Number of protein chains: 2
Amino acid sequence: MLAQKKSLILPHPFSTEGGAVLKAAPVAYEEYGRTDGPVILICHGGLSSHHAAGKFADTDLAPGWWDGLIGPGKPFDTARFRILSLNALGGMYGSCSPMTVDPLTGCRYGPLFPTITMRDQVRFAASFLDALGIEKLWCMTGPSMGSLHTLNFAAMYPERIERAVAVATAARMTASGMAMHHLMMNAFRADPGFQAGWYAPGVALGAAKIIAQVIKLYYTSEALYKTLCADTVTHGPGAQAQRAANANAFIQAGLDTAVAAYDANAFIATLSAINTHDLAEGFATVEEGIRRIQCPLLLVNIDSDHEFPPYAAEEVSATLNAARPGQATTRVIHSMWGHIGCIREPEQLARHVSEWLPGCS
Amino acid sequence: MLAQKKSLILPHPFSTEGGAVLKAAPVAYEEYGRTDGPVILICHGGLSSHHAAGKFADTDLAPGWWDGLIGPGKPFDTARFRILSLNALGGMYGSCSPMTVDPLTGCRYGPLFPTITMRDQVRFAASFLDALGIEKLWCMTGPSMGSLHTLNFAAMYPERIERAVAVATAARMTASGMAMHHLMMNAFRADPGFQAGWYAPGVALGAAKIIAQVIKLYYTSEALYKTLCADTVTHGPGAQAQRAANANAFIQAGLDTAVAAYDANAFIATLSAINTHDLAEGFATVEEGIRRIQCPLLLVNIDSDHEFPPYAAEEVSATLNAARPGQATTRVIHSMWGHIGCIREPEQLARHVSEWLPGCS
């Protein structure tokens with residue numbers, strides 16, 4: 001399946017919770033499937049792009065990150081649905097972010113980009129749907145930050161969503177995940193090249209390479225390193241040195257490619273927004289905040305995930321099912337990939353989605 | 001209990017596995033308890049000091065890191081034993097390391113300090129005992145790197161050790177732990193201030209602060225952040241922002257103090273040495289390497305430890321007990337402190353040690 005890069009400009013100024021106004025805000029997105037089908041909206045993980053499925057050219061090495069779920073005959077079936085995948089507000093891949101040129105000044109927003117929240121990102125997605133004339137979603141889904149957008153959208157716009165699938169998720173951002181986010185933000189801000197956010201765009205900061213390595217450590221698991229770096233080496237002279245070299249090679253693989261895409265200001269805007277995720281925000285109780293979600297909901301967390309452990313999904317489903325039995329379903333992916341299992345285990349995820357969808361179709 | 005800083009110079013040149021010779025090598029250590037008692041040797045964790053118990057002055061804020069285990073009437077009873085705690089070869093607290101002045105040149109070794117291995121560190125400990133005229137240990141013990149020294153000493157000098165307690169341990173260094181070590185070493189080496197190891201001594205590098213934060217993330221657990229940073233905040237306006245601030249405050253607490261003690265070259269020497277830990281090194285099978293340990297052995301790992309999960313201790317005890325039933329005992333500490341539980345759970349650890357010691361006394 002070939003993917004195509006699309007974009008639009010929001011027809012109305014976008015106001016943030018903090019009172020800032022973004023004029024002529026661009027939205028980058030991709031579209032797959034039949035143009036007249038019911039709409040499925042895909043939202044990406046925090047540091048990822050919206051390239052969820054297909055290839056831009058047959059020569060691409062790999063397809064989008066959820067290609068196992070999106071395509072003809074797949075759980076999110078392009079033969080049946082119109083599937084949209086947008087880059088989030090603050091994202092590094094074309095939607096309005098610190099990398100965008102402010103039409104008022106002709107310069108990039110850079111560190112002057114306003115502080116944005118999880119709710120801002122979700123209203124941005126709603127504005128994107130408005131711009132396309134789409135009133136209702138047949139389904140909304142995404143991994144990690146995309147799952148948080150999905151839960152918040154379902155809570156904020158219950159009339160616009162018929163079903164939702166949240167993968168690697170929680171009712172509010174976890175403290176461990178926030179510590180990791182702050183670590184990354186602190187590393188960027190402390191980099192001498194950061195220059196209070198006025199670094200030269202496109203030049204990777206030294207901190208970026210450390211961050212990329214921490215990501216590989218924190219968002220995976222002990223079992224992954226054991227399996228890939230240690231168990232693959234048979235006993236003999238120099239075996240332990242080889243295991244150490246494997247661990248270092250794994251943690252450094254693809255660093256240059258990874259950091260080339262990193263923009264520190266967009267990183268900080270996005271991670272700060274994720275940290276504001278709390279379905280309870282503005283409500284008397286956590287339960288009240290969660291119960292705004294009215295559609296059927298599938299929650300899938302990964303057993304080895306340090307950021308969104310399975311209990312975090314169970315909290316959401318327990319609250320929903322206490323009021324409306326059967327509304328929420330939780331499933332667990334068994335994986336050594338840790339948090340990254342949300343895009344690294346397409347077979348398990350596709351099976352859970354396929355089993356769940358018919359009951360709420 | 002008051003602790004006293006002691007030191008000695010090894011009377012003979014110390015040769016490393018790699019063939020380097022360290023002349024007049026200093027050993028920093030502390031000594032507690034009765035000078036004529038049977039000897040217990042304490043070994044510290046990789047980035048820690050040998051200040052295991054007591055205070056240097058009554059006004060010290062906190063005692064040494066295993067004060068709950070070492071003292072009058074405690075499991076390692078100073079009323080009964082002579083207890084020695086040494087700074088490891090390559091350590092940052094006074095023993096021979098990159099921070100030491102090379103007597104041949106009058107300059108610090110710095111990056112010219114020879115590569116050292118786990119076996120070098122253990123032979124260094126044996127040379128220290130030789131210098132004090134101590135032939136046999138009643139017990140050897142330590143957390144993390146100290147536990148690896150303990151296992152290797154028991155394997156290399158079975159005639160010199162009567163019992164051993166290894167806390168947060170494994171038969172060989174785990175791949176996840178090696179990835180973490182390489183991450184830290186990569187961060188130091190990539191710091192522009194590192195200058196190939198010729199940085200100004202005593203000036204903290206920028207990378208050190210990032211490393212100190214990664215340590216707080218990787219060596220603890222998700223449950224810790226949840227308990228300390230999130231569950232302590234009651235629901236209400238601004239609650240999630242407070243949780244995020246707590247997570248950031250936790251990960252940044254004490255950074256200046258932590259990094260003031262870090263020496264990048266000593267860090268690299270120590271972590272590289274730990275990565276060479278493999279009881280199987282030089283033997284036909286892993287089992288053969290492990291079975292050199294002949295004394296009774298207690299292994300205590302922590303359930304939330306990403307570096308040394310409980311299975312890693314079980315591997316050692318299963319091998320030993322298959323040949324000599326009852327030789328090894330494993331216990332698990334239940335903790336939200338992750339790897340740091342090896343020094344953060346003195347009550348549980350003291351109970352396990354107290355219950356085990358009588359059976360092999």
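1. Strand 5 (residues 39-43) and strand 8 (residues 82-86) of chain B run parallel to each other, paired over five bridges. If you want a register marker, B:Ile42 sits opposite B:Ser85 in strand 8 of chain B. Bear in mind throughout that this is a predicted model.

2. Strand 5 of chain B has another partner to look at: strand 9 (residues 139-143) of chain B, again in the parallel sense, over three bridges. There the pair to look for is B:Leu41 facing B:Met140 in strand 9 of chain B.

3. What about burial in strand 5 of chain B: how many of its residues are buried? Five of five, so the strand is mostly covered, with 20 or more other C-beta atoms within 10 Å as the cut-off for each residue. In a regular strand, side chains alternate between the two sheet faces. Here B:Val39, B:Leu41 and B:Cys43 are buried on one side, and B:Ile40 and B:Ile42 are buried on the other. Both faces of strand 5 of chain B are covered, then.

4. Stepping back to the whole sheet in chain B: it is open, has eight strands in the order 1-4-8-5-9-10-11-12, and its pairing is mixed. The edges are strand 1 (5-9) and strand 12 (328-333) of chain B, each of which pairs on one side only. From one strand to the next, the twist averages 20°.

5. Towards that strand 12 edge, have a look at helix 10 (residues 310-323) of chain B. Helix 10 lies across strand 11 (297-302) and strand 12 of chain B, and it runs at about 165° to strand 12.

6. B:Ile293 deserves a click. It is in the loop between helix 9 (286-290) and strand 11 of chain B. Is this loop residue buried or exposed? B:Ile293 is buried, because 27 other C-beta atoms lie within 10 Å. Leaving out neighbours within four places in sequence, its contacts are B:Leu151, B:Ala154, B:Ala155, B:Pro158 and B:Leu320. Take B:Pro158: 135 residues away from B:Ile293 in sequence, but 6.2 Å away in space, C-alpha to C-alpha.

7. Over in chain A, A:His149 is the one I'd check. It sits in helix 2 (residues 145-156) of chain A and counts as buried because 29 other C-beta atoms are within 10 Å. Not counting residues up to four places away in sequence, A:His149 touches A:Cys43, A:Ala88, A:Gln121, A:Val122, A:Ala125 and A:Gly142. As a contrast in distance, A:Tyr199 is 50 residues from A:His149 in sequence and 30 Å from it in space, C-alpha to C-alpha.

8. Now the two chains together. Chain B can be laid on chain A with an RMSD of 0.0 Å, using a turn of 180° and a shift of 0.0 Å along the axis. The two copies are therefore related as by a two-fold rotation axis. Both copies use the same surface, as 100% of the contact residues of chain B recur in chain A.

9. As for the interface itself, 43 residues of chain B are in contact with 43 residues of chain A. On the chain B side, the elements giving two or more residues are helix 3, helix 4 (206-218), helix 5 (222-230) and helix 6 (239-252). Which of them gives the most? Helix 3 of chain B, with 10 residues. By class, that side of chain B divides into 22 nonpolar, 14 polar and seven charged residues.

10. One helix pair to inspect across the interface is helix 3 (residues 175-190) of chain A with helix 4 of chain B. Their axes come within 10 Å and cross at roughly 180°, which means that helix 3 of chain A is roughly antiparallel to helix 4 of chain B. From helix 3 of chain A come A:Ala179, A:Met180, A:Leu183, A:Asn186, A:Ala187 and A:Ala190; they meet B:Gly206, B:Lys209, B:Ile210, B:Gln213, B:Val214 and B:Leu217 in helix 4 of chain B. The class count for this contact is eight nonpolar, three polar and one charged.

11. Another pair is helix 5 (residues 222-230) of chain A with helix 3 of chain B. Here the axes come within 7 Å and cross at roughly 95°, so helix 5 of chain A is roughly perpendicular to helix 3 of chain B. A:Glu222, A:Tyr225, A:Lys226, A:Cys229 and A:Ala230 meet B:Ala175, B:Ser176 and B:Ala179. That contact has five nonpolar, one polar and two charged residues.

Definitions and conventions:
Residues numbered from 1 in each chain as written. Chains lettered and ligands numbered in written order. Predicted model: local features only at pLDDT ≥ 70, side-chain atom pairs only at ≥ 80, totals over all residues. Helix = DSSP H or I, 4+ residues; strand = E, 2+ residues; numbered from the N terminus. Buried ≥ 20, exposed ≤ 12 C-beta atoms within 10 Å, placed from the backbone. Contact = placed C-beta atoms within 7 Å. Axes fitted to C-alpha atoms, helices over the stretch in contact; angles between N-to-C directions. Parallel < 35°, antiparallel > 145°, perpendicular 65-115°, else oblique. Nonpolar A, V, L, I, M, F, W, Y, C, P; charged D, E, K, R; others polar. Pairing = 2+ DSSP bridges. Least-squares fit on C-alpha atoms with pLDDT ≥ 70 in both.
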